Amino acid sequence: MTPASRRSPPVGPRALLRRVALCLVMLGLGGCALGLVYPRLDTVVGFYLQGLVSLDAAQSAQLKRTLAGNLEWHRRSELARYATFLRDVAASVEGGAGRNDWLEASRRTEEYFRKIFEQAAPGYTSLAATFTDAQVAELLGNLEAADEKTWREFARRTPAERDFRREKSLVRAIERFTGSLGASQRASVRAHVAGSPSFMPEWRENRRLWREALAETLAGRHTDPGFGDRMFVLIARPDDLWTPQYRAAVEQRRESLALLMATIDATLTPQQRAAARRQFLALADEVQGLAGRRG
């Protein structure tokens, strides 16, 4: 049996997608790491590519074909869209972006990720239909262990430590584009962190319910005529299953991040604004170049 993570195809396009995603997430376009984008990433990338389930040779070959097809579709169909989007962001930064601009960018980012997972869902569903009972148990156990590890790492820190880590992460991410932030800009980040409490408890409960839905769905993989439809929701539209509490927390974080980015944008120096614009344009050029490659 071979862990799926050891049998993946070349990661050039996927690695660049992760760079784009990280750029958008950390700048507040897609929420925090456990907020808007990553709940989808861990239902697709983490589901099959991080050693959560062991595959036999035939399944590994099937996964490799699926991933290769997904990456080719992504290169051919989506990367040019990302390049255009990043240039739009660069233009917004150059002219000054307000709260509504950042909220719109957040929504566009979500739609891009939704398309990725909608396209990927049938191939992953076909693979899941071949799982043995032992593989299902392994997958569910590893998913629970991974979620609980994330929770323990959160719970062992004090509130002050959590705020410090969030503030440091946000400052570092923004400075990758703008260069060093000034004292008032750092104070804005600190105020954002203090005013937007963690929603890890809501995340933990939401993940538990998602795993329960996955377990129920996989139990009917050989007999349930609705198996494909249910897997599609779990993989491509997990937000349809979000609890009201988690949904409210995510939307609150989205709004808070949009306000932070608008505040930071309004205080950018000409040098910072020019640096951010250059960084977005450089990433757009890199994405566009990859979109034009063959194979």
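The following exercises, each with a worked solution, concern a predicted model of a protein chain.

**Exercise 1. Overall architecture**

Determine how many helices and strands the protein chain has, and in what order they run.

Solution. Step one is to count the elements: the secondary structure of the protein chain comprises twelve helices and two strands. Step two is to read the order from the N terminus, which is β-α-α-β-α-α-α-α-α-α-α-α-α-α. Step three is to consider burial: of the 295 residues in the protein chain, 48% are buried.

**Exercise 2. A salt bridge within a helix**

Explain how Glu-72 and Arg-76 are placed relative to each other in helix α3, and classify the exposure of each.

Solution. First, the contact is identified: the side chains of Glu-72 and Arg-76 form a salt bridge with an N to O distance of 3.7 Å. This distance satisfies the criterion of a side-chain nitrogen within 4 Å of a carboxyl oxygen. Next, the spacing is examined: because Glu-72 and Arg-76 are four residues apart in helix α3 (residues 57-77), about one helical turn separates them. Finally, exposure is assigned. Glu-72 has 24% relative accessibility and therefore counts as partly exposed, whereas Arg-76, at 55%, counts as exposed.

**Exercise 3. A salt bridge between helices**

Identify the partner of Glu-251 in a salt bridge, and state which parts of the chain the pair ties together.

Solution. Begin with the partner: Glu-251 forms a salt bridge with Arg-107, and the closest N and O atoms are 3.2 Å apart. Then locate both residues: Glu-251 belongs to helix α11 (residues 244-266) and Arg-107 to helix α5, so the pair ties together parts that are 144 residues apart in sequence. Exposure follows: Glu-251 is partly exposed, with a relative accessible area of 30%, and Arg-107 counts as partly exposed at 37% relative accessibility. Lastly, place the pair in its surroundings: a network of salt bridges links Arg-107, Glu-110, Glu-251 and Arg-254. The structure holds 26 salt bridges.

**Exercise 4. Asp-224 and Arg-230**

Find the distance between the closest N and O atoms of Asp-224 and Arg-230, and decide whether each residue is buried, partly exposed or exposed.

Solution. The two residues form a salt bridge in which the closest N and O atoms are 3.4 Å apart. For exposure, the partly exposed class lies between the limits of 20% and 50% relative accessible area. Asp-224, at 24% relative accessibility, is thus partly exposed. Arg-230 is likewise partly exposed, at 31% relative accessibility.

**Exercise 5. An aromatic pair**

Describe the geometry of the aromatic pair Phe-85 and Tyr-112, and state where the two residues lie.

Solution. To begin, note that the structure holds six aromatic pairs. One of them, Phe-85 with Tyr-112, is edge-to-face, with 5.5 Å centre to centre and 65° between the planes. The pair links distant parts of the chain: Phe-85 is in helix α4 (residues 79-95) and Tyr-112 in helix α5 (residues 99-128), 27 residues apart. Both Phe-85 and Tyr-112 are buried. As a last step, the pair is placed in a cluster, in which ring pairs link Tyr-82, Phe-85 and Tyr-112.

**Exercise 6. A positive surface patch**

Name the residues of the positive surface patch and characterise Arg-165.

Solution. The patch is formed by Arg-156, Arg-165, Lys-168, Arg-172 and Arg-176. Of these, Arg-165 lies in helix α7 (residues 159-178). With 46% relative accessibility, Arg-165 counts as partly exposed.

Key. Residues numbered from 1 in each chain as written. Predicted model: local features only at pLDDT ≥ 70, side-chain atom pairs only at ≥ 80, totals over all residues. Heavy atoms only, no water. Patch = residues over 30% accessible without salt bridge, like charges linked within 9 Å, V, L, I, M, F, W, Y side chains within 5 Å. Areas by Shrake-Rupley, 256 points an atom, 1.4 Å probe, with all protein chains shown as cover. Lys, Arg positive; Asp, Glu negative; His and termini not counted. Charge placed at Lys NZ, Arg CZ, Asp CG, Glu CD. Buried < 20%, exposed > 50% of the residue type's maximum accessible area, 1.4 Å probe, protein only. Phe/Tyr/Trp six-rings, centres within 6.5 Å; stacked < 30°, edge-to-face > 60°.
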